[in-house]
Amino acid sequence: MTKSKVDYNCSKCPGYCCTYPRIVVTDKDIARLANHFGISEDAARLRYTRQYEFESDDPDEYVNERILKHRKDHIYKTSCMFLDPEARRCTIYEGRPSVCREFPNGKKCGYYGFLKFERKHQDDKEFIPSA
Ligand code: SF4
């Protein structure tokens, strides 16, 4: 038996990373989305993304970025608009942004570790810690 290269299993997670409020998209991601849906980049930008700006007196805290739109979610309040709310899977897997492709940027996922720990201690394989 080969040892898994990663220490997490997305198929057992309800898509916590897809509920991050700011899922940043680049121009390249918008082009990929446009291609995925067969629409123009302008239409993809408008339909699926919005600008997020956070102003602060501290210039290090200033944020101005393009992010994926959210919608209501029955587990985590809101999620990325592309998360299937029942199957808890990405509905645009081939067209998803780079940040989603790279997550969690290593062999471990912090949330999956937490989920595994809680499910073991609650003795419930389906347990989802409240958001
Ligand atoms: S695009 Fe897909 S993988 Fe990325 S946050 Fe949305 S549902 Fe999750």
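Begin by selecting helix H4, residues 110–122. This helix is hardly covered, for the count of buried residues among its 13 residues is one. The model on display is a predicted one.

Keep H4 selected and compare its length with expectation. At 1.5 Å a residue, the 13 residues should span 18 Å, and the end C-alpha atoms are indeed 18 Å apart, so the two values agree. Next, select Asp123, which follows H4 and has a positive phi, near 55°.

Now display the whole protein chain. Its secondary structure consists of four helices and four strands. Starting at the N terminus, the order of these elements is α-α-β-β-β-β-α-α. Along the principal axes, the C-alpha atoms fill a box of roughly 45 × 40 × 30 Å. Of the 131 residues in the chain, 18% are buried. Among contacts with a separation of 6 or more, 51% join residues 24 or more positions apart.

The tour then moves to the interior. Select Cys18, Ile23, Val25, Ile30, Leu33, Ala44, Tyr48, Ile67, Leu68, Cys80, Phe82 and Leu83; these twelve residues form the largest nonpolar core. Which elements each supply at least two residues of this core? Colour helix H1 (27–37), helix H2 (41–48) and strand E2 (63–68) to see the contributors.

Finally, centre the view on Phe82, a member of that core. Leaving aside residues up to four places away in sequence, Phe82 touches Cys90, Thr91 and Ile92.

Conventions. Residues are numbered from 1 along each chain as its sequence is written. This is a predicted model: local features need pLDDT of at least 70, side-chain atom pairs count only at pLDDT 80 or more; totals for chains, interfaces and linings use all residues. The expected span of a helix is 1.5 Å times one less than its number of residues. A residue is buried if 20 or more other C-beta atoms lie within 10 Å of its own, exposed if 12 or fewer, and partly exposed in between; C-beta atoms are placed from the backbone. Two residues are in contact if their C-beta atoms, placed from the backbone, lie within 7 Å. A nonpolar core is a set of buried Ala, Val, Leu, Ile, Met, Phe, Trp, Tyr and Cys residues joined through C-beta atoms within 7 Å.
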